Amino acid sequence: MTGLLFVLFFVFMLLGVPIALAIGASTLLALNAQGVPLMVVTQQMFQGINSFALVAVPMFILAGDLMAQGKVSEKLVDFADSLFGFLKGGLSIVSVGAGMFFAAISGSGAATTAAVGSSLVPELRKKGYDPASAASLIAASGTIGVVIPPSVPMIIYAVIAQQSVSKLFLNGFLPGLAMGLGLAAIAIVQAYRRNYPRGTAFSPATIWRTLKSASWGLMTPVIILGGIFSGVFTPSEAAVVAVNYALLVSLFVYRDLRLPDVYRILIRSAITTSVIMLVIATSAVLSWTLSSWQVPGAIAQAVLSLSTNPYVIMLLVVAVILLTGVFIETASALIILTPVLLPLVTQLGIDPVHFGLIIVVGLAIGMITPPVAINLYVASSVTQLPLERITRAILPYLLGLIAVLLLVVYVPILAGWSG
């Protein structure tokens, strides 16, 4: 029956059926063929989304959309420019720095790419930067959006693996920082090779002025994460606080949004949330089915029979994560892979929180690997460049992020894991 399930799933995928429907339909047909009462499907779908922690998902999506549409992203880019613009090829470093700042607000790779790209692309073109390389760097920086907390994929993983969202958030900072430093190092090398100009001259006065201007946006992660780690509120409550704070800043401080804009953003965020929740619900049925058929245990034993070396096995796990991210978007891949791979890595002695960082970083890389590369599509839309040009230019950044992923796997203390 397992073979039938996966054959049906891949057939539906090849036919272009949306991922949530492909997962749900293939599982439904496989269960029906086995004679399982179909009432189980609705029960497991409800059970899959019946989690208080998932309340944070729509709230963080909405908060990120509100911040991305207003002047917050512009203020963050200005602040990053005042810090890094004086370097050779400074705007490239600004792309990475602004991506990291916005990552601490949005929790979304696409939102980070769109916000930073919209603000920086005109200036990059004016300064003579290679458009495709600049767009690919912005897309690569957007992957940090789901690693530095708050992170929607981390919340989804925490629900599936029954782990602490707070622990995942706490340990997400260093992997995100490592990704940023890796991308910045590659950008600096390219800046010297292509003789990019220096940007804004270093000035403490400019730094102070832009810091004050960006302070409302920079306070967002301080409020969210400070509240979580101090125990003032839970991650779900923090997400609601983030929405209220984003509304306050956008409507009354920067005054860059009007009520009709808020309504439009609410509709878009609701659509995004509904897609994610449908994927979670149908994937919950798939996870229950695979568990009841003891598939994860069988896969674990099969992989362990290939090698007894944990380093080799983890390399195979990384390959599976990266390959899945090429073809399936992040949330879906996370929900499919976690129940299958988690039993395997726990047998190797890998802490579930550590594995959460590995799978989130690995699937974040999938955001810049076609054909399912949401950040590249967003960058192409923002820059009006053909996707093919951006894809060719992404290779050095892709390799750099894979190197960081291997650090997360094999050097867990350096990668931020506190155990």
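Here are some short exercises on this predicted model, each with a worked solution.

**Exercise 1: Confidence**

Find the average pLDDT of the chain, and say which elements have the lowest and the highest mean pLDDT.

*Solution.* Start with the whole chain: the average pLDDT is 85, and 98% of the residues score at least 70. Then go element by element. Helix H15 (residues 295–306) has the lowest mean, 74, while helix H21 (residues 395–410) has the highest, 94.

**Exercise 2: Helix H6 from end to end**

Check the span of helix H6 (residues 90–106) against 1.5 Å a residue, then work out how covered H6 is and look at what comes just after it.

*Solution.* Step one is the ruler. H6 has 17 residues, so it should span 24 Å. The C-alpha atoms at its ends are 24 Å apart, which agrees.

Step two is burial: 16 of the 17 residues of H6 are buried, so call the helix mostly covered. Ser95 sits in H6 and has a relative accessible area of 1%. The cut-off for buried is under 20%, so Ser95 counts as buried. Beyond residues up to four places away in sequence, Ser95 touches Val116, Leu120, Leu124, Leu137, Ile138 and Ser141.

Step three is the exit. Just after H6, Gly107 takes a positive phi of about 75°.

**Exercise 3: Two helix pairs**

Classify how H6 packs on helix H11 (residues 173–194), and do likewise for helix H4 (residues 56–69) and helix H14 (residues 259–292).

*Solution.* Take H6 and H11. Their axes come within 9 Å and cross at roughly 170°. Angles over 145 degrees count as roughly antiparallel, so that is the label for H6 and H11. On the H6 side, the contact is made by Ser92, Ile93, Val96 and Met100. H11 brings Gly176, Leu177, Gly180, Leu183, Ala184, Ala187 and Ile188.

Now H4 and H14. They pack at about 140°, with axes 9 Å apart. That makes H4 oblique to H14, and H4 passes H14 in a right-handed crossing. Residues of H4 in the contact include Val57, Ile61, Leu62 and Leu66; among those of H14 are Ile265, Leu266, Thr272 and Ile276.

**Exercise 4: Leu342**

Place Leu342 in its helix, decide whether it is buried or exposed, and list its contacts.

*Solution.* Leu342 lies in helix H17 (residues 330–347). Its relative accessibility is 14%, so Leu342 counts as buried. Leaving aside neighbours within four places in sequence, Leu342 is in contact with Tyr157, Ala161, Leu337, Pro352 and Phe355. For a distance check, try Gln294: it is 48 residues away along the chain, and the two C-alpha atoms are separated by 13 Å.

**Exercise 5: Backbone oddities in the loops**

Find the cis peptide bond in the loop between helix H8 (131–142) and helix H9 (152–161), then examine phi at Gln162 and Asn195.

*Solution.* The cis bond runs from Pro149 to Pro150, with omega near 0°. Pro150 lies in the H8–H9 loop.

Next, Gln162. Its phi is positive, about 55°, although Gln162 is not a glycine. Gln162 is in the loop between H9 and helix H10 (165–171) and is exposed, with a relative accessible area of 71%.

Last, Asn195. Phi is near 55° here, again a positive value in a residue other than glycine. Asn195 belongs to the loop between H11 and helix H12 (204–230), and at 55% relative accessible area it is exposed.

How values were computed. Residues are numbered from 1 along each chain as its sequence is written. This is a predicted model: local features need pLDDT of at least 70, side-chain atom pairs count only at pLDDT 80 or more; totals for chains, interfaces and linings use all residues. Side-chain values use heavy atoms; hydrogens and water are left out. pLDDT is the predictor's confidence in each residue, from 0 to 100. Helices (H or I, at least four residues) and strands (E, at least two) are DSSP runs, numbered from the N terminus. The expected span of a helix is 1.5 Å times one less than its number of residues. Buried means under 20% relative accessible area, exposed over 50%, partly exposed in between (1.4 Å probe, protein chains only). Axes are lines fitted to C-alpha atoms, for helices over the stretch in contact, and angles run from 0 to 180 degrees between N-to-C directions. Angles under 35 degrees count as roughly parallel, over 145 as roughly antiparallel, 65 to 115 as roughly perpendicular and the rest as oblique. A crossing is left-handed if the near helix is turned anticlockwise from the far one by less than a right angle, and right-handed if clockwise. Contact means heavy atoms within 4.5 Å.
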